[in-house]
Amino acid sequence: MSYELSKKFASLKPSAVREILKATSQPGMIAFAGGSPAVEAFPCEEVKTISNEILSENPVSALVYGVSEGYEPLRVQVREWLKRRENTVSDDDEIIITSGGTQVMDIATRVLTSEGDTVICEDPSFIGSLNCFRSHGCKLAGVPIDADGMNIEALEKVIKSNPNAKFIYTIPNFQNPGGTTLSLEKRRKMYALAKENNLVIVEDNPYGNLRVEGEDVPAIKSMDTDGIVIYAGSFSKILAPGIRVAYAVVPKKIVGAFTIGKQVSDVHSGVLNQMIVSRWFDEYDVDAHIENIRKIYRRKLNLMCDCLDEYCGDFIKYVRPQGGLFIWALLPEDVDMLDYVNKLIERNVAVVPGTAFMTDDTKPCRYIRLNFSTPSDEDIVKGVKIMGEIAKQYK
């Protein structure tokens, strides 16, 4: 039997990140292509203790069906935590627990768009979200990013030329892959433009707690007096990605539709994993844990940047991020990016070609994305040295 794929799905391509990650399983491969938090940041012993407690005391409570909106104690804890740390939830919002941060984008797209509608997003942007939007039959309208985030003049033009746009998707803090942080002035202007043009903003903030220098910038959601911002956060980067627990702050006026979208997607997120996160809040100091993992990422980011400056300083240009997990590196005009990527793989160094993150991956791209959280310190030094050695071949 031959299968005919849906038109929406047939246009999707495998994630270049995931395809390259297959190469990282080869012995000796240095993985600059990943996106996983540093394993030394995982609170393994705490999770082990909590899991044993839950499964010893009342295992049935963790193994039955759950509520679509999420485990109620965790929803309350997330609300209180966000009010205190970020001011990103008000009395006009509800907390919905999701199975990973990308599910927030999937549900928002399912609820807010029809096939053929447009999603406005940064260009480049996270490949998982871009493919999510494509899978719902949406068109992508990309807006270039500057050193301080999305170009607002370009955003205005894109809004005017896309009257069927339904929402703006942004990763404001330590953007993936660009590493940039959207300035406060631009956040205010983006919110004003969205309000003026009857657009929703989907604010995706998985990396906000990973700031290693500078001051926190208020979330767009903290400015939301009109109920037009859906805010997405995740425990993947501060607890562990494998538990797949994230959350959405959703205006009450659309929470009913959002809940139905969640039910269609997976009924509910895993109860055991939600209970683990909830008890983590009960028994441990989450804020202190975040400060500790920031030290890990500060060291690893500075190490990779120092190595890039030393071994690739006249070859690669980049904006030094203030946090997150990624560096967005620009190659010289006369260098074939894919050729450079392939030569790195031959030397057991895996990076992601920038085309994977573009709204139109057929256009030329001179960028590569580097991840500093996954590799060891030793591999960071070794891998960047190899990058510099191969760079010399182009001179």
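Visitor: What makes Lys262 and Asp266 separated by about one helical turn?

Guide: Both residues sit in helix H10 (residues 252-266), and because they are four residues apart there, about one helical turn lies between them. A helix here is a DSSP run of H or I with at least four residues, a strand is a run of E with at least two, and both are numbered from the N terminus. The model is predicted, so local features need pLDDT of at least 70 and side-chain atom pairs count only at pLDDT 80 or more, while totals for chains, interfaces and linings use all residues. Residues are numbered from 1 along each chain as its sequence is written, and side-chain values use heavy atoms, with hydrogens and water left out.

Visitor: Why is the contact between Lys262 and Asp266 called a salt bridge?

Guide: The term requires a side-chain nitrogen of Lys or Arg within 4 Å of a carboxyl oxygen of Asp or Glu. For Lys262 and Asp266 the N to O distance is 3.1 Å, so the pair meets that definition.

Visitor: How do you know whether Lys262 is buried or exposed?

Guide: Buried means under 20% relative accessible area, exposed means over 50%, and partly exposed lies in between, with a 1.4 Å probe and protein chains only. Lys262 has 0% relative accessibility and therefore counts as buried, whereas its partner Asp266, at 25%, counts as partly exposed.

Visitor: What makes the salt bridge of Arg75 and Glu94 a tie between parts of the chain?

Guide: Their side chains meet at 3.4 Å, N to O. Arg75 lies in helix H5 (residues 72-85) and Glu94 in strand S2 (residues 93-98), so the pair ties together parts that are 19 residues apart in sequence. Arg75, with a relative accessible area of 13%, is buried, while Glu94, at 24%, is partly exposed.

Visitor: How many salt bridges does the structure hold?

Guide: There are 24 salt bridges, and one of them joins Lys221 to Asp224 at 2.9 Å, N to O, with both of these residues buried. Glu40, Arg299, Lys300 and Asp377 are linked in a network of salt bridges.

Visitor: How do you know that strands S6 and S7 are paired?

Guide: Two strands pair if DSSP finds at least two bridges between them. Four bridges join S6 (residues 165-170) to S7 (residues 200-204), so these parallel strands satisfy the definition. Thr170, for example, has Glu203 in S7 as its bridge partner.

Visitor: Why are S2 and S5 said to stand at the edges of the sheet?

Guide: The open sheet of eight strands has the order S2-S9-S8-S7-S6-S3-S4-S5, with mixed pairing. S2 and S5 (149-150) each have a single partner strand, so one side of each is left without a neighbour in the sheet.
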